[in-house]
Structures are given as structure tokens and as C-alpha cells.
Amino acid sequence: MVKLKNLKILFITSEVAPFVKTGGLGDVSSALPQTLAELGHEVRLVVPKYGAVDERRFKIHEIVRLKDIPLHIGDEIELFSVRSSFLAGLKTKVQIYFFDNQKYFGSRKGLYQDIKTKKDYSDNDERYILFCKGIMEMIKKLGWTPDIIHCNDWQTGLIPAYIKTLYADLELLRNTKTVFTIHNLGFQGLFSKESFQKTGLPESVFTEISMNLGSKISFLKAGLLYSDVLTTVSEKYAEEIRSIDELAGSMKPILQKRKSELVGIVNGIDYNIWNPEIDMLITARYSPKDLEKKYENKSALLEFFKLNDNKDKPVIGTISRLTDQKGIDLIQEAIDKILELDLKYVILGQGDKKYHEFFEKVQKKYPEKFAISFGFDDELAHLIEAGADMYLMPSQFEPCGLTQLYSLKYGTVPIVRYTGGLADTVDKVNGKDYSGTGFVFKKYDSDEMLKEIKHALKMYENKTVWARIMKNGMAKDFSWHSSAKKYIELYKKILKED
Ligand code: ADP
Ligand code: GLC
């Protein structure tokens, strides 16, 4: 019988801040396990040791009994080791296991893509089969049996399938339950059907996880089908993927079938990292009581982007993957009309080539009003959150979204589309009593977006009203505490079942 008071949770993820991060999953994988640990549970984390993990900065040491473990991948035998470190600067300790294999992970700087060609690695199937199957072997040798194995996104999708089939007789996992969290249904881990044989899974699994009339398999589908419970990162997105065909896509039948086992739990944010009162990455720290200080960050931001400093003109910021999901095509469509307005606009992002080319041209056309920094730059992300007046995030779909939550805390008023986590976390400003925290439009349409930008600019003109809206957002509490408790309740619920 599992002791439900202090659970043992193995949290498996493909990225974790500050070690390696490409997006929100990295932030969540750092903050959620820490909060679970603060609530009294024992959490350990597993992540691949990519070449981008800075060995000198983080003390990562060997675990002798987990060295050079052999594993079959198709006809080949690969060796992997597990090394260990801790999530730094904590009240509680979360142990991290780094899954170490030089050929597939250690020798590469990129996580999922080659950083030069920006193309997915052609052997991502083998990489994440090795990772998932390797974790199964690691668990056998670990001498620590988790009550809960919490998997995240397609990179970890095979684990629930291994547990329910190839490793079904593993006595030590007899009472263990699996949770699979969907951070983004758009990434399905699709590979050609030939990849299946490398998994070593029984043939019955092939039929279950095959797609496109059997020509492909999906690692995400394995997670969706074989885990004991499914979660996603906001209630609204949970509702959307159960009901909206374009969002559920070919996963709709599974999501429909498992709809009572699909739970939406909104992400929180880590206020030790994203908090203007203590943020050492920004120029000046501030709180709702001394908002004037925010403008030192605005000056620094404009200086960084070599845009003329003018405190009174509004600055809009965006920090984003430059992909269709994020509504970048709406921004593209409306850019001339946006930049005709009396404002400045700065972007930090990287992604699709078409958007890089487009924004380079925009920068040349509007050097006084628009600037973009291509690449991944955590420090600049903090400065934009602190220095901008408004934050534009017109996503086509958004499972949760974290940057709008950071914006709220930094008094940087979000302008968002009503979808997924954006709908759940930003309250439309009410023109009568100025309650609400941001500007929200519904239809995926560039004119609708433009209307909300203009609406925000109008309100910005009245400094008292604007300060009120900023403070409404800054007063919101999106800390992880209550969401982490919901995960705990869910873990306990499935552990009590059967
Ligand atoms: P997603 O995970 O879909 O990209 P989220 O809003 O959940 O979107 O999280 C994005 C995270 O990645 C945030 O922490 C954001 O600050 C960060 N981020 C995104 N693009 C960049 C970038 N180019 N440079 C630095 N940080 C970035
Ligand atoms: C994904 C989603 C994003 C979410 C993040 C963390 O990257 O696109 O909306 O905030 O995961 O859950």
C-alpha cells in the first residue's frame, strides 16, 4: 500500500531551466518539482544531458552504479550513464538525474534541432527511444521506487507504453501510476513506421500509436493512450482540445474517449525568478509602490535596441518563438498599421525563416519605431518584461503561456487573444470601472488585434487609469502553490484507484 502523505515523484522532462530551456516547458519543469518538494514530497527529475548543459557552472557528478548501462536500440547496443546534480538555490533539494549519452545528446548543442541548420535532428526517434527505454533500465537499478511517474510532452510519451507493456512484469512498478502532461498538442513526435522496430515494444502497440494510415507512429499518442491520467496546462485548453477539431486534430478520438481523465491545471510562475522586486537581470527593481522605477528599465530597453528614448511614448514588447502558433502571421499582416501608431515595438524571438526575413525588412523600414533581436537571450527577456508598457501575444492557440503571466507581474499590460491559457489568465479591462488586467480579442483576425492595440493606447493616455490597470495585473497571484496542490490531489486520486 502506498503511503499517501509523502509521495515519491519521478518527473521526466526534455528540458529544465536553468540547465537547458527552449520555452515554457523548461520553466515549468523547474518550478513545479520545486513546489511539490516544498509541499513535502520527494521529487526527482530526469532530463537528457545535452551538450548545452554547462558542466562547469553546475556541479554534475557521476553515480558509479549507474555507469555504462547497455541498452538495445534496434539491432545496436548503446551505453548510457546517469549523472546527478540538484536544482540550485532552493529551500528544498530536488535531485536531477542527467541522462548521459555522448552520441545522441552530449555531442549536440541543440535540444531538438541542429542549431546551425534549424532542422530537427533526423534521429530524434532514436534519441528519445534511448531516453525513455534508458529511464526504464535506470529505474530497475536505482533502488528508489516512485509512486508517480510524471511525463511531459512527446519526448517522454513512450514511457507509459513501456510500463504497460514491455515492462509490465516489473514488480517494483506494480503500484506506480503515470501522469502525462500535454504542454502542446501541436508537437506529436511523428516518425516513420520503420522507427517502431527500434522501440522494442510489442507489435500490439504499433496499431495503437500508428497515424496517417499506418505510415507514421506518434510518441505523443503513446503518452496519451498508455498513461493513467492526462493533464494539460490550463482549463480552457483542456476544454478546447476536447471539442475543437482543428486543435485536437487526429488525437481527437483519444481525447474524446479519455475526456473524464483529462484534467486542466493552469501553470504557475516562479516568483523567485520572475519578480521585478528582486530581479537582478533588470536595470532597476520596482514594485506597485514605486512604479516610476519601471521607467529606468524602459530607458535601458530603448537604449539596448537603439531606439530614441521618450518616456511618454508607449513601448510594446513580444518575446516569442516566431511560429504560426504564436500569431506571428497576425502581427505580420498588421505591422504597417501598428507602426503607423504613436508607439514603439520591440521583439525578441527566433523561429521560422519566413518571419526572420520579414522582420529584418520591417526593421529597415521603421528604424525609429521597430527593433528585433533574433536568438535566445534570457537576460533580454527579463528586460523586455520590465521595460515595455504593453505585451503583445496574439496566439492562434496557447496551451497556457507564461510570458503573459510574467508581464502581469511586471506591470506590462498584456494584449492577448482569447484562447487557452491566455483566456484563463488575462481579464479584459472594463472601460467603466477599470477593473481587469489586459486587452483581449476573440476572433483570429489582425483587425481585431489592431482594435485592441488602439484600445490599449487610448487608455495609456490617462496615466491614472493606466497605473490602475498595471496594478491590477501586478496584484494577481499566479504562484505555483495552488496548482501544485492540484497535481498532488490528482496523484493521490489515481493512487487510490483500483
Ligand atoms: P512556449 O513554451 O510555447 O514557447 P511560454 O510562454 O509558455 O511559450 O514560454 C516561453 C518561455 O520561453 C518564457 O520563459 C520566455 O521568456 C522564453 N522565451 C521565448 N523565446 C525566447 C527568446 N527568444 N529568448 C529568451 N527567452 C525566450
Ligand atoms: C508549451 C505551450 C505553452 C505553455 C508551455 C508550458 O510550450 O506552448 O503555452 O505555457 O508549454 O506548459
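**Entry 1: strands E14 and E17**

I began with the pairing of strand E14 (residues 315-322) and strand E17 (residues 390-393) in this predicted model. The two strands run parallel, and I found two bridges joining them. I then looked for the residue that faces Ile-316, and noted Met-390 in E17 opposite this position.

**Entry 2: the parallel sheet**

I next followed the sheet to which E14 and E17 belong. In what order do the six strands lie? I read the order as E16-E15-E14-E17-E18-E19, in an open sheet with parallel pairing. I recorded strand E16 (370-374) at one edge and strand E19 (439-441) at the other, each pairing on one side only. From one strand to the next, I noted a twist that averages 15°.

I also looked up a helix that lies across this sheet. Helix H14 (residues 378-387) crosses E14, strand E15 (344-351), E16 and E17. I entered its direction as about 145° to E14.

**Entry 3: the surroundings of ligand 2**

I turned to ligand 2 and asked how many residues surround it. I recorded 14, the closest being His-183, Asn-267, Glu-398, Cys-400 and Gly-401. Sorted by class, the shell holds six nonpolar, six polar and two charged residues. Which helix gives the largest share of the shell? I found that helix H1 (residues 24-38) does, with three residues.

I then listed distances from oxygen atoms of ligand 2. For Gly-401, I noted 2.8 Å between an oxygen atom of the ligand and a polar backbone atom. For Gln-325, an oxygen atom of ligand 2 lies 3.2 Å from an N or O atom in the side chain. For Asn-184, I entered 3.5 Å, again from a ligand oxygen atom to an N or O atom in the side chain. I also looked up how far ligand 2 is covered: taken alone it exposes 310 Å², and the protein buries 92% of that.

**Entry 4: the antiparallel sheet**

I closed with another open sheet, formed by three strands in the order E9-E11-E10 with antiparallel pairing. Its edge strands are strand E9 (190-192) and strand E10 (210-211), and each pairs on one side only. Between E10 and strand E11 (residues 216-218), I noted two bridges in the antiparallel sense. Which residue in E11 stands opposite Ser-210? I identified Ile-217.

Finally, I recorded helix H7 (residues 219-226), which packs on this sheet and touches E9, E10 and E11. I entered about 50° for the angle between the directions of H7 and E11.

Terms used
Residues numbered from 1 in each chain as written. Chains lettered and ligands numbered in written order. Predicted model: local features only at pLDDT ≥ 70, side-chain atom pairs only at ≥ 80, totals over all residues. Heavy atoms only, no water. Pairing = 2+ DSSP bridges. Helix = DSSP H or I, 4+ residues; strand = E, 2+ residues; numbered from the N terminus. Axes fitted to C-alpha atoms, helices over the stretch in contact; angles between N-to-C directions. Contact = heavy atoms within 4.5 Å. Near = heavy atom within 4 Å. Polar contact = N/O pair within 3.5 Å; in protein donor to acceptor, adjacent residues only side chain to side chain. Areas by Shrake-Rupley, 256 points an atom, 1.4 Å probe, with all protein chains shown as cover. Nonpolar A, V, L, I, M, F, W, Y, C, P; charged D, E, K, R; others polar.
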